[in-house]
Amino acid sequence: MQDESDQQKQWDKTYASANDFFGTDPSELAVSALPAFKDNKVRNILELGCGQGRDTWFFAKNGFEMTALDYSEAGICQMKEKAKGQGAKVSLKVHDARDPLPFPDDSFDAIYSHMFFTMEFTEEEVAKMLAECQRVLRPGGINIYSVRNDHDPHYGKFIAKGKDMWQNPMGFVVHFFTEEMIRRLAKGYELMWIKEFEDRSPPFVKKLYEVALRKPSEAL
Ligand SMILES: C[S@@+](CC[C@H](N)C(=O)[O-])C[C@H]1O[C@@H](n2cnc3c(N)ncnc32)[C@H](O)[C@@H]1O
(Lines give C-alpha, C1' and ligand atoms only; values in the text may rest on other atoms or scores of the structure.)
Protein backbone atom coordinates (compact mmCIF):
# COMPACT_ATOMS: atom_id res chain seq x y z
CA MET A 1 0.00 0.00 0.00
CA GLN A 2 1.27 3.49 -0.87
CA ASP A 3 1.50 6.16 1.84
CA GLU A 4 -0.80 9.15 1.45
CA SER A 5 1.21 11.64 -0.62
CA ASP A 6 1.16 15.45 -0.64
CA GLN A 7 -0.48 15.25 -4.07
CA GLN A 8 -3.26 13.04 -2.74
CA LYS A 9 -3.94 15.54 0.07
CA GLN A 10 -3.89 18.32 -2.54
CA TRP A 11 -6.58 16.61 -4.66
CA ASP A 12 -8.71 15.90 -1.58
CA LYS A 13 -8.50 19.53 -0.50
CA THR A 14 -9.29 20.76 -4.02
CA TYR A 15 -12.37 18.55 -4.47
CA ALA A 16 -13.61 19.27 -0.93
CA SER A 17 -13.58 23.00 -1.70
CA ALA A 18 -14.98 22.92 -5.28
CA ASN A 19 -17.88 20.67 -6.28
CA ASP A 20 -17.12 20.61 -10.01
CA PHE A 21 -13.48 21.60 -10.23
CA PHE A 22 -13.18 20.69 -13.95
CA GLY A 23 -16.79 21.69 -14.75
CA THR A 24 -19.77 19.42 -15.38
CA ASP A 25 -19.42 18.91 -19.16
CA PRO A 26 -17.65 15.77 -20.39
CA SER A 27 -14.05 16.33 -21.46
CA GLU A 28 -13.02 16.57 -25.12
CA LEU A 29 -11.34 13.18 -24.65
CA ALA A 30 -14.56 11.51 -23.50
CA VAL A 31 -16.47 12.94 -26.47
CA SER A 32 -13.77 11.68 -28.82
CA ALA A 33 -13.55 8.22 -27.17
CA LEU A 34 -17.31 7.58 -27.27
CA PRO A 35 -17.50 6.52 -30.97
CA ALA A 36 -14.32 4.42 -30.58
CA PHE A 37 -15.91 2.54 -27.67
CA LYS A 38 -19.14 2.05 -29.63
CA ASP A 39 -17.27 0.84 -32.76
CA ASN A 40 -15.33 -1.65 -30.62
CA LYS A 41 -18.55 -3.05 -29.05
CA VAL A 42 -17.41 -2.01 -25.57
CA ARG A 43 -19.83 -2.82 -22.75
CA ASN A 44 -17.84 -2.22 -19.58
CA ILE A 45 -15.15 0.40 -18.89
CA LEU A 46 -12.62 0.86 -16.08
CA GLU A 47 -11.80 4.55 -15.53
CA LEU A 48 -8.60 5.53 -13.69
CA GLY A 49 -8.32 8.86 -11.85
CA CYS A 50 -12.02 9.69 -12.35
CA GLY A 51 -11.86 12.77 -10.05
CA GLN A 52 -15.39 14.10 -9.54
CA GLY A 53 -16.73 12.04 -12.42
CA ARG A 54 -17.56 14.43 -15.27
CA ASP A 55 -16.61 11.66 -17.79
CA THR A 56 -17.87 8.75 -15.67
CA TRP A 57 -21.44 10.09 -15.75
CA PHE A 58 -21.18 10.83 -19.48
CA PHE A 59 -20.21 7.22 -20.27
CA ALA A 60 -22.76 5.80 -17.81
CA LYS A 61 -25.52 7.89 -19.44
CA ASN A 62 -24.41 6.51 -22.80
CA GLY A 63 -25.14 2.99 -21.56
CA PHE A 64 -21.69 1.72 -20.52
CA GLU A 65 -21.20 -0.20 -17.29
CA MET A 66 -18.64 1.90 -15.40
CA THR A 67 -16.08 1.03 -12.74
CA ALA A 68 -14.26 4.18 -11.69
CA LEU A 69 -11.43 4.67 -9.24
CA ASP A 70 -9.46 7.51 -7.74
CA TYR A 71 -7.23 7.84 -4.69
CA SER A 72 -9.11 10.97 -3.58
CA GLU A 73 -11.66 9.94 -1.00
CA ALA A 74 -13.32 13.38 -1.28
CA GLY A 75 -13.92 12.93 -5.04
CA ILE A 76 -15.26 9.38 -4.67
CA CYS A 77 -17.55 10.37 -1.74
CA GLN A 78 -19.02 13.21 -3.80
CA MET A 79 -19.61 10.78 -6.67
CA LYS A 80 -21.32 8.28 -4.38
CA GLU A 81 -23.71 11.05 -3.26
CA LYS A 82 -24.45 11.99 -6.88
CA ALA A 83 -24.95 8.33 -7.86
CA LYS A 84 -27.87 7.97 -5.44
CA GLY A 85 -31.09 7.79 -7.39
CA GLN A 86 -29.44 8.07 -10.82
CA GLY A 87 -29.99 4.39 -11.66
CA ALA A 88 -26.71 4.36 -13.62
CA LYS A 89 -24.43 1.32 -13.50
CA VAL A 90 -21.42 2.82 -11.72
CA SER A 91 -19.12 1.07 -9.27
CA LEU A 92 -16.81 3.46 -7.38
CA LYS A 93 -13.60 2.69 -5.50
CA VAL A 94 -11.00 4.64 -3.54
CA HIS A 95 -7.80 3.05 -4.82
CA ASP A 96 -4.21 4.12 -5.46
CA ALA A 97 -3.55 2.99 -9.03
CA ARG A 98 0.16 2.42 -8.26
CA ASP A 99 -1.02 -0.63 -6.29
CA PRO A 100 -2.20 -3.73 -8.18
CA LEU A 101 -5.69 -3.27 -9.62
CA PRO A 102 -8.28 -5.18 -7.56
CA PHE A 103 -9.78 -6.98 -10.57
CA PRO A 104 -9.26 -10.40 -12.19
CA ASP A 105 -7.47 -10.82 -15.55
CA ASP A 106 -9.44 -9.97 -18.74
CA SER A 107 -12.25 -8.14 -16.81
CA PHE A 108 -12.82 -5.06 -18.98
CA ASP A 109 -13.58 -4.28 -22.63
CA ALA A 110 -11.94 -0.86 -22.25
CA ILE A 111 -9.88 1.31 -19.92
CA TYR A 112 -10.19 5.07 -19.97
CA SER A 113 -8.34 7.89 -18.23
CA HIS A 114 -8.20 11.63 -18.83
CA MET A 115 -5.17 13.51 -17.45
CA PHE A 116 -4.33 10.66 -15.08
CA PHE A 117 -0.99 9.19 -16.28
CA THR A 118 0.22 12.80 -16.55
CA MET A 119 0.32 13.14 -12.74
CA GLU A 120 3.41 12.79 -10.52
CA PHE A 121 4.47 9.37 -11.85
CA THR A 122 7.87 8.38 -13.22
CA GLU A 123 8.02 6.68 -16.62
CA GLU A 124 8.70 3.39 -14.77
CA GLU A 125 5.56 3.79 -12.67
CA VAL A 126 3.46 4.54 -15.76
CA ALA A 127 4.92 1.47 -17.53
CA LYS A 128 3.98 -0.66 -14.52
CA MET A 129 0.42 0.72 -14.44
CA LEU A 130 0.00 0.19 -18.20
CA ALA A 131 1.11 -3.44 -17.77
CA GLU A 132 -1.47 -3.84 -15.01
CA CYS A 133 -4.11 -2.28 -17.31
CA GLN A 134 -3.15 -4.83 -19.92
CA ARG A 135 -3.70 -7.66 -17.44
CA VAL A 136 -7.27 -6.57 -16.60
CA LEU A 137 -8.22 -5.79 -20.23
CA ARG A 138 -9.73 -8.59 -22.28
CA PRO A 139 -7.75 -9.62 -25.39
CA GLY A 140 -8.63 -7.11 -28.12
CA GLY A 141 -9.73 -4.56 -25.47
CA ILE A 142 -8.72 -0.89 -25.79
CA ASN A 143 -7.07 1.59 -23.47
CA ILE A 144 -7.70 5.26 -24.29
CA TYR A 145 -5.83 7.83 -22.24
CA SER A 146 -4.71 11.45 -22.38
CA VAL A 147 -1.60 13.18 -21.10
CA ARG A 148 -0.41 16.80 -21.09
CA ASN A 149 2.35 17.17 -23.68
CA ASP A 150 5.55 19.08 -24.43
CA HIS A 151 3.58 21.76 -26.38
CA ASP A 152 1.49 22.66 -23.31
CA PRO A 153 1.77 26.30 -22.09
CA HIS A 154 2.99 25.04 -18.68
CA TYR A 155 5.78 22.85 -20.12
CA GLY A 156 9.09 23.92 -18.56
CA LYS A 157 7.42 26.45 -16.20
CA PHE A 158 7.34 26.75 -12.38
CA ILE A 159 9.10 24.37 -9.95
CA ALA A 160 11.13 21.51 -11.50
CA LYS A 161 10.30 18.14 -9.92
CA GLY A 162 12.13 15.64 -12.15
CA LYS A 163 12.46 14.82 -15.84
CA ASP A 164 9.68 16.71 -17.72
CA MET A 165 7.79 17.33 -14.42
CA TRP A 166 6.92 20.69 -12.92
CA GLN A 167 4.78 21.76 -9.98
CA ASN A 168 2.32 24.52 -10.91
CA PRO A 169 1.27 27.39 -8.62
CA MET A 170 -1.86 25.46 -7.62
CA GLY A 171 0.46 22.84 -6.11
CA PHE A 172 -0.10 20.04 -8.67
CA VAL A 173 2.88 18.18 -10.11
CA VAL A 174 2.40 17.46 -13.84
CA HIS A 175 4.45 15.10 -16.02
CA PHE A 176 4.48 16.32 -19.65
CA PHE A 177 4.82 13.49 -22.21
CA THR A 178 6.71 13.53 -25.49
CA GLU A 179 5.52 11.44 -28.43
CA GLU A 180 8.67 9.28 -28.10
CA MET A 181 7.80 8.44 -24.51
CA ILE A 182 4.28 7.42 -25.51
CA ARG A 183 5.72 5.11 -28.18
CA ARG A 184 8.09 3.55 -25.60
CA LEU A 185 5.20 3.05 -23.18
CA ALA A 186 3.07 1.29 -25.82
CA LYS A 187 5.26 -1.82 -25.43
CA GLY A 188 3.14 -4.99 -25.47
CA TYR A 189 0.11 -3.14 -26.94
CA GLU A 190 -0.80 -2.26 -30.53
CA LEU A 191 -0.55 1.54 -30.79
CA MET A 192 -3.78 2.58 -32.56
CA TRP A 193 -3.28 6.36 -32.60
CA ILE A 194 -1.71 9.44 -30.99
CA LYS A 195 -3.62 12.70 -31.63
CA GLU A 196 -2.99 16.17 -30.24
CA PHE A 197 -5.95 18.09 -28.78
CA GLU A 198 -6.82 20.92 -26.37
CA ASP A 199 -8.71 20.63 -23.09
CA ARG A 200 -10.60 23.88 -22.47
CA SER A 201 -11.99 22.97 -19.04
CA PRO A 202 -11.26 25.44 -16.23
CA PRO A 203 -8.98 26.89 -15.06
CA PHE A 204 -6.86 27.19 -18.30
CA VAL A 205 -6.39 25.65 -21.80
CA LYS A 206 -4.10 22.59 -21.80
CA LYS A 207 -2.40 20.78 -24.72
CA LEU A 208 -2.61 17.02 -24.64
CA TYR A 209 -2.09 13.82 -26.55
CA GLU A 210 -4.93 11.36 -26.91
CA VAL A 211 -3.53 7.84 -27.04
CA ALA A 212 -5.34 4.63 -28.01
CA LEU A 213 -3.79 1.23 -27.34
CA ARG A 214 -5.15 -2.23 -28.05
CA LYS A 215 -4.32 -5.37 -26.08
CA PRO A 216 -3.40 -7.86 -28.79
CA SER A 217 -5.64 -10.88 -29.16
CA GLU A 218 -2.47 -12.97 -28.99
CA ALA A 219 0.72 -12.00 -27.07
CA LEU A 220 3.02 -9.75 -29.19
C1 LIG B 1 -6.04 16.02 -13.49
S2 LIG B 1 -7.15 15.12 -12.47
C3 LIG B 1 -8.29 14.50 -13.67
C4 LIG B 1 -9.61 14.08 -13.09
C5 LIG B 1 -10.65 13.55 -14.09
N6 LIG B 1 -10.10 12.51 -14.93
C7 LIG B 1 -11.16 14.67 -14.95
O8 LIG B 1 -10.61 14.89 -16.05
O9 LIG B 1 -12.10 15.35 -14.51
C10 LIG B 1 -6.19 13.69 -12.03
C11 LIG B 1 -6.90 12.72 -11.10
O12 LIG B 1 -6.03 11.60 -10.85
C13 LIG B 1 -6.15 11.22 -9.49
N14 LIG B 1 -4.92 10.51 -9.11
C15 LIG B 1 -3.64 10.98 -9.10
N16 LIG B 1 -2.78 10.04 -8.70
C17 LIG B 1 -3.52 8.92 -8.45
C18 LIG B 1 -3.20 7.60 -8.03
N19 LIG B 1 -1.94 7.26 -7.73
N20 LIG B 1 -4.20 6.69 -7.92
C21 LIG B 1 -5.50 7.04 -8.21
N22 LIG B 1 -5.85 8.28 -8.59
C23 LIG B 1 -4.90 9.21 -8.72
C24 LIG B 1 -6.35 12.55 -8.74
O25 LIG B 1 -6.95 12.37 -7.48
C26 LIG B 1 -7.24 13.31 -9.74
O27 LIG B 1 -8.60 13.08 -9.46
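Of the 19 residues around the ligand, those that come nearest are Tyr15, Gly49, Arg54, Asp70 and Ala97, where a residue is counted as near if one of its heavy atoms lies within 4 Å of the molecule. The model is a predicted one, in which local features need pLDDT of at least 70 and side-chain atom pairs count only at pLDDT 80 or more, while totals for chains, interfaces and linings use all residues. Residues are numbered from 1 along each chain as its sequence is written, and side-chain values use heavy atoms, with hydrogens and water left out.

Polar contacts to the ligand (pairs of N or O atoms within 3.5 Å) involve both side-chain and backbone atoms of the protein. A polar side-chain atom of Tyr15 is found 2.6 Å from a ligand oxygen atom, and an N or O atom in the side chain of Asp96 is 2.9 Å from a nitrogen atom of the ligand. For Tyr71, a backbone N or O atom lies 3.2 Å from a ligand nitrogen atom. On its own the ligand has 590 Å² of accessible area, of which the protein covers 98%; these areas come from the Shrake-Rupley method with a 1.4 Å probe.

The secondary structure of the protein chain comprises six helices and ten strands, assigned as DSSP runs (helices, H or I, of at least four residues; strands, E, of at least two) and numbered from the N terminus. The radius of gyration of the protein chain, taken over C-alpha atoms, is 16 Å, close to the 17 Å given for 220 residues by the globule rule (2.2 Å times the number of residues to the power 0.38), so the chain is as compact as a globular protein of that length. The C-alpha trace spans about 45 × 45 × 35 Å along its principal axes. Of the 220 residues, 54% count as buried, a term that denotes under 20% relative accessible area, with exposed meaning over 50% and partly exposed in between (1.4 Å probe, protein chains only).

Strand β1 (residues 44–48) is largely enclosed by the rest of the structure, because five of its five residues are buried. In a regular strand the side chains alternate between the two faces of the sheet. In β1, Asn44, Leu46 and Leu48 point one way and Ile45 and Glu47 the other way, and all are buried. Strand β1 runs parallel to strand β2 (residues 65–70), to which five bridges join it, and Asn44 stands opposite Glu65 of β2; strands are taken as paired if DSSP finds at least two bridges between them. From β1 the chain crosses through helix α3 (residues 54–61) to β2 in a right-handed β-α-β crossover, meaning that, with the strands pointing away from the viewer, the path from the first strand over the helix to the second runs clockwise. Strand β1 also pairs in the parallel sense with strand β4 (residues 108–113) over three bridges, and the bridge partner of Glu47 in β4 is Tyr112.

Two loop residues that are not glycines have a positive phi of about 55°, namely Asp106 and Met115. Asp106 is placed in the loop between β3 (90–94) and β4 and counts as partly exposed at 42% relative accessibility, whereas Met115, in the loop between β4 and α5 (123–136), counts as buried at 11%. In the loop between α2 (28–39) and β1, Lys41 is exposed, with a relative accessible area of 65%.

Definitions and conventions. Polar contact = N/O pair within 3.5 Å; in protein donor to acceptor, adjacent residues only side chain to side chain.
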